[in-house]
Amino acid sequence: QKQARCICRGALEVVAACAPGLGGDEVVAVATSWTRAILQGCAGDAAASTLDERFLRELLVLDSTVTGADVPMSLEDFGLWPSRSLSVAEEAAVLERLKEAQANDEDEMFTTENFFNAAGEVREGISAVLRREVGDSQKFHVFLYDSQGIQTWLQSHDSD
């Protein structure tokens with residue numbers, strides 16, 4: 001399931017980045033259709049027809065909030081001190097995204113290195129990019145990147 005969660009998280013990030021005008025439910029719907037189309041293109045109609053739509057949606061909207069004594073409850077617990085002041089909604093969105101990345105043992109897309117060091121803190125050089133969700137000024141899509149990698153990419157592409 002880890003690989004499926006990583007693929008689904010990647011699909012959500014691509015859709016959210018490419019269609020910034022979509023709200024959260026719309027992002028999930030497009031990512032669901034896109035994931036099904038990719039499976040169909042790679043493995044054929046028979047494989048795509050066996051895909052459990054409910055399971056796929058659950059992976060896409062997975063609430064990865066973990067509970068327990070060792071769960072980081074603040075950005076500081078992850079070894080982070082933001083470079084600017086964050087609103088309560090921004091901090092909550094970054095914290096939830098970090099919890100999700102940790103729970104799924106995610107790797108950064110440019111370096112393919114894990115976001116976290118052995119102590120469970122965010123690896124040095126990681127940036128969080130926030131984009132407001134359309135229609136809700138208090139919800140954010142949060143993207144985690146290697147700082148140098150995203151800066152290089154932005155310089156060569158002129159936009160995110």
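The legends below describe close-up views of a predicted model.

**Figure 1. Overall fold of the protein chain.**
The predicted chain contains six helices and two strands. From the N terminus onward, the order of these elements is α-α-α-α-α-β-β-α. Of the 160 residues in the protein chain, 35% are buried. The accessible surface of the protein chain amounts to about 9,500 Å², and carbon and sulfur atoms account for 53% of that area. Where contacts in the protein chain join residues at least 6 apart in sequence, 48% of them link residues at least 24 apart.

**Figure 2. The hairpin of strand 1 and strand 2.**
Strand 1 (126-133) and strand 2 (residues 136-146) run antiparallel and are joined by eight bridges. Val 129 is placed opposite Phe 143 of strand 2. Two residues lie between the strands of this hairpin, and Gly 135 has a positive phi near 85° there.

**Figure 3. Aromatic pair of Phe 78 and Phe 116.**
The whole structure holds three aromatic pairs. One of them is formed by Phe 78 and Phe 116, whose ring centres are 5.6 Å apart and whose planes meet at 40°, a tilted arrangement. Phe 78 belongs to the loop between helix 4 (53-60) and helix 5, while Phe 116 belongs to the loop between helix 5 and strand 1, so the pair ties together parts 38 residues apart in sequence. Phe 78 counts as buried because its relative accessibility is 0%. Phe 116, at 10% relative accessibility, also counts as buried.

**Figure 4. Aromatic cluster of Phe 110, Phe 143 and Tyr 145.**
Phe 143 and Tyr 145 form a stacked pair, with 6.4 Å from centre to centre and 15° between the planes. Both of these residues are buried. Ring pairs connect Phe 110 with Phe 143 and Tyr 145 in a cluster. Phe 110 comes from the loop between helix 5 (88-103) and strand 1. With a relative accessibility of 33%, Phe 110 counts as partly exposed.

**Figure 5. Nonpolar surface patch.**
Four residues, Met 109, Phe 110, Trp 153 and Leu 154, make up a nonpolar patch on the surface. Together they have about 350 Å² of accessible area. Phe 110 thus appears in two views: this patch includes Phe 110, and the ring cluster of the previous figure links Phe 110 to Phe 143 and Tyr 145.

**Figure 6. Salt bridge between Glu 96 and Lys 99.**
Five salt bridges are counted in the model. Side chains of opposite charge can pair when their charged atoms come close. Glu 96 and Lys 99 form one such bridge, with 3.5 Å between the closest N and O atoms. Both residues lie in helix 5, three residues apart, or about one turn of the helix. Glu 96 counts as partly exposed because its relative accessibility is 33%. Lys 99 is buried, its relative accessible area being 8%.

**Figure 7. Salt-bridge network around Arg 97.**
The side chains of Arg 97 and Glu 100 form a salt bridge at 3.6 Å, N to O. Both residues are in helix 5, three residues apart, about one turn of the helix. Arg 97 and Glu 100 are both buried. A salt bridge also joins Arg 97 to Glu 106, where the closest N and O atoms are 2.8 Å apart. The relative accessible area of Arg 97 is 4%, so Arg 97 is buried. Glu 106 counts as buried at 7% relative accessibility. Through shared partners, the salt bridges join Arg 97, Glu 100 and Glu 106 into one network.

**Figure 8. Positive phi at Asp 105 and Thr 112.**
Most residues other than glycine have a negative phi. Asp 105 is not a glycine, yet has a positive phi of about 50°. Asp 105 is located in the loop between helix 5 and strand 1. With 39% relative accessibility, Asp 105 counts as partly exposed. Thr 112, likewise not a glycine, has a positive phi of about 60°. The loop between helix 5 and strand 1 also holds Thr 112. Thr 112 is exposed, with 58% relative accessible area.

Definitions and conventions:
Residues are numbered from 1 along each chain as its sequence is written. This is a predicted model: local features need pLDDT of at least 70, side-chain atom pairs count only at pLDDT 80 or more; totals for chains, interfaces and linings use all residues. Side-chain values use heavy atoms; hydrogens and water are left out. Patches are made of residues with over 30% relative accessible area and no salt bridge: like charges are joined within 9 Å, nonpolar side chains (Val, Leu, Ile, Met, Phe, Trp, Tyr) within 5 Å. Accessible areas come from the Shrake-Rupley method with a 1.4 Å probe; for residues, only the protein chains shown count as cover. Helices (H or I, at least four residues) and strands (E, at least two) are DSSP runs, numbered from the N terminus. Buried means under 20% relative accessible area, exposed over 50%, partly exposed in between (1.4 Å probe, protein chains only). Rings of Phe, Tyr and Trp (its six-membered ring) pair if their centres lie within 6.5 Å; planes under 30 degrees apart count as stacked, over 60 as edge-to-face and the rest as tilted. Contact means heavy atoms within 4.5 Å. Two strands pair if DSSP finds at least two bridges between them.
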